[in-house]
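Reader: I've got the model loaded and a handful of things I'd like to go through with you. Can we take them one by one?

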Amino acid sequence: MTKTLVVCDCLGSQSIDVTALEAGTGFSCSRVFSDACGSQIEQTAKLITSGDAVIACQQQARLFTELAEELEAETPGFVDIRDRAGWTAPGENPTPKMAALVAEALVPVPSEKTLDIVSHGTCLVIGDSEAAWSAARDLSATLAVTLLTPTAGDSEHASVFEIVSGRLARAQGSLGQFDLRIDSFQQMIAGGRGSPTWTDPRDAARSSCDVILDLSGGTSLFPAPAKRDGYLRADPGSAPAVAKAVFAAAQLVGTFEKPLYVRLEEPICAHSRAGQSACTKCLDVCPTGAITSAGDHVAIDPLICAGCGACSALCPSGAITYDAPPVGSVFSRLHTLATTYRNAGGHAPRLLVHDDEFGTEMISLSARHGRGLPADVIPLNVSALAGFGHAEMLAALATGFTSVNVLLAPTTEGDVITSEAALANAVSGQDSVRVLDLSDPDALSDTLYAAENGVAVADPILPLGSRRQVARLAAKALRPEAEVLELPDAAPYGAILVDTDACTLCLSCVSLCPSGALGDNPDNPQLRFQEDACLQCGLCSNICPEQAITLKPQFDLTDAAFTQKVVHEEEPFACVDCGSLFGVKSTVERITEKLAGNHAMFSSPETIRMIQMCDNCRIQAQFHATDNPFAGKERPRVRTSEDYLSKRKDH
């Protein structure tokens with residue numbers, strides 16, 4: 001069914017060119033309403049009832065959703081073309097951007113995978129202040145509350161919640177499955193007159209709960225506490241903060257859907273091999289501690305993962321990929337925005353990447369009370385801002401955007417985005433990716449209006465494939481004349497440098513390379529390298545016993561990166577007995593020189609000669625030697641019937 005775009009100029013505050021929108025998007029538009037959510041809502045209701053409507057207003061999404069439910073009609077789609085496009089500086093033509101935003105809003109996005117989390121409402125309140133006691137009393141009507149105080153003091157016997165004393169030594173888990181260990185644990189004894197008595201303190205008491213309300217005023221129990229589901233923390237001296245935390249805790253009862261933000265492919269993880277550490281980028285950057293080492297690969301706790309996306313942006317092998325939604329949907333949205341903008345008559349668009357909450361509010365405030373966004377700046381909201389890495393930045397430039405501006409949010413992992421932006425600029429060869437750390441809507445507008453626009457790529461790409469494949473495709477489009485690009489340290493692309501004087505061709509690097517970038521030749525002593533497969537994980541340099549390998553970050557854009565090339569080779573050694581080739585000549589000669597006359601086992605010419613034999617000849621020589629290590633005692637003579645008959649006396 002053809003989409004019908006319901007447009008409204010919002011009491012004449014924006015200009016909408018219906019003909020241009022229809023030409024740019026391919027969708028039919030309603031007539032331009034002026035008050036679609038107010039005096040003209042009956043006409044809007046008819047359009048919602050009649051077909052597949054898309055309302056070009058995000059502000060009144062709740063109103064129109066409830067209206068669709070009353071009409072028993074399908075819930076319409078929504079797209080904001082007012083705050084993000086229509087409310088802009090006078091003289092600007094917002095129509096190409098409006099068309100791009102409408103087309104991008106209708107790009108199908110796969111539904112995210114989720115996991116059910118059950119919270120039965122057992123809540124631990126930590127603290128000894130009046131705020132903690134008050135919060136425990138307020139929550140006891142809704143939750144099963146236990147108050148943990150640091151010392152066993154006076155209290156009332158009769159209480160609507162349980163009171164214990166101790167020090168929380170360890171807390172693990174998240175909403176619905178917190179695991180606790182309490183030292184100096186004491187429980188109140190219910191009986192007796194006067195002040196209550198307490199049990200004797202004991203350490204390592206174990207317990208569990210569904211929700212933790214931390215009003216201790218001390219250090220957070222978890223890294224990135226705002227990202228830990230089920231853990232609420234507030235300053236006990238701030239009444240509004242405590243009230244907000246208490247209200248949030250009261251809602252955490254029931255079954256909740258936890259998105260499975262990332263997907264892990266363990267076989268291609270380059271974390272370690274044979275106990276030797278290699279890539280630790282995801283471990284170093286995870287703010288919640290959801291990623292841990294699990295041998296040759298990492299493990300991700302989906303219940304702790306907050307979905308920031310930083311691990312997927314930094315993973316060199318693609319073992320960790322963001323899956324809510326998949327990275328392919330981001331590439332598709334970028335392509336749709338740039339293509340539709342050009343088809344609607346726009347030229348040289350700029351991209352503004354922002355998160356769902358902070359960035360959306362900044363744009364809305366700027367549009368309502370200031371100049372809004374320039375007409376050539378197209379906003380793109382992403383759920384995981386830190387997951388918008390260098391591959392996505394390069395894809396945006398290669399699909400037709402002249403620049404990429406990333407607006408940081410207060411909770412965003414800014415270091416990750418800054419490093420990824422530097423890598424994208426190094427690959428593109430221009431300062432086209434900028435990180436904006438702004439909290440003033442007017443400052444955002446001023447920065448974007450003052451920035452100079454660049455030139456869009458001549459031949460835009462269609463970004464398909466993995467992040468590494470898209471990054472290579474984008475780099476070739478942005479630097480068509482370049483062959484090898486120099487990259488900053490820690491880049492996930494590059495070559496290796498081999499010290500041929502130190503390398504003994506032991507090939508330990510080949511056997512442990514997680515990506516198969518290093519290989520050997522079964523017929524000749526050779527070390528081969530394929531640059532396109534190299535992750536720059538550093539395992540080869542860590543494992544090399546001769547310290548002969550160093551990493552060289554670079555990006556080879558030629559076809560030579562897809563082929564194996566010999567980085568070191570030597571002459572094979574010929575067996576002194578049968579003449580077959582084996583081993584490395586320099587290695588055999590070096591071993592012979594070191595052991596001959598210097599080791600008790602190689603004191604004779606015969607044993608020295610065995611070093612220079614192939615495996616088959618060496619075994620034969622050992623078997624026929626006078627001191628054959630395989631020889632046993634002399635076998636006894638076989639007994640026959642004659643031996644037994646000769647002892648008989650009856651013949």
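Reader: Let's start with Cys-279: does it count as buried or exposed?

Author: This is a predicted model, so keep in mind that we're talking about computed values. The relative accessibility of Cys-279 comes out at 13%. The cut-off for burial is under 20%, so Cys-279 counts as buried.

Reader: And which cysteine has the sulfur closest to that of Cys-279, and why is there no bond?

Author: A disulfide needs two cysteine sulfur atoms within 2.5 Å. For Cys-279 the gap to the closest cysteine sulfur is 6.1 Å, so that's too far for a bond. The closest sulfur belongs to Cys-282.

Reader: What about Cys-37: how far is its sulfur from the closest cysteine sulfur?

Author: Cys-37 is partly exposed, at 33% relative accessible area. The closest cysteine sulfur sits in Cys-57, and it's too far away for a bond. The distance is 6.2 Å.

Reader: How many disulfides does the structure hold, then?

Author: We've just seen that the sulfur of Cys-37 is too far from that of Cys-57 for a bond, and the sulfur of Cys-279 is too far from that of Cys-282. For the structure, the disulfide count is zero.

Reader: On to backbone geometry. Which peptide bond is cis, with omega near 5 degrees?

Author: Most peptide bonds are trans, so a cis one is worth a look. Go to the loop between strand 20 (320-322) and helix 10 (327-343), where you'll find Pro-325. The cis bond is the one from Ala-324 to Pro-325.

Reader: What is the phi of Ala-274?

Author: Most residues other than glycine have a negative phi. Ala-274 isn't a glycine, yet its phi is positive. It's in the loop between strand 16 (272-273) and strand 17 (276-277), and at 57% relative accessibility Ala-274 counts as exposed. Its phi is about 55 degrees.

Reader: Where is Ala-348 found?

Author: Ala-348 also has a positive phi, near 50 degrees, in a residue other than glycine. Its relative accessible area is 23%, so Ala-348 is partly exposed. Its place is the loop between helix 10 and strand 21.

Reader: How many residues of strand 23 are buried?

Author: Take strand 23 (residues 403-407) one face at a time. On one side Ser-403, Asn-405 and Leu-407 are buried, and on the other Val-404 and Val-406 are buried. Of the five residues in strand 23, the number buried is five.

Reader: Which residue in strand 23 is the bridge partner of Leu-352?

Author: Strand 21 (residues 350-354) runs parallel to strand 23, and four bridges join them. Look up Leu-352 in that pairing and you land on Asn-405.

Reader: What is the handedness of the crossover from strand 23 to strand 24?

Author: Strand 23 and strand 24 (residues 433-436) run parallel, with four bridges between them. In that pairing, Val-406 has Val-435 as its bridge partner. The chain gets from strand 23 to strand 24 through helix 13 (residues 414-428), and this β-α-β crossover is right-handed.

Reader: Last one: in the open sheet with the order 25-29-26, which are the edge strands?

Author: The three strands of that open sheet pair antiparallel. Three bridges link strand 25 to strand 29 (residues 549-556), and Val-484 stands opposite Asp-556 in strand 29. The twist averages 50 degrees from one strand to the next. Pairing on one side only, the edge strands are strand 25 (484-486) and strand 26 (494-498).

Conventions:
Residues numbered from 1 in each chain as written. Predicted model: local features only at pLDDT ≥ 70, side-chain atom pairs only at ≥ 80, totals over all residues. Heavy atoms only, no water. Buried < 20%, exposed > 50% of the residue type's maximum accessible area, 1.4 Å probe, protein only. Helix = DSSP H or I, 4+ residues; strand = E, 2+ residues; numbered from the N terminus. Pairing = 2+ DSSP bridges. Right-handed = clockwise from strand over helix to strand, strands pointing away. Axes fitted to C-alpha atoms, helices over the stretch in contact; angles between N-to-C directions.
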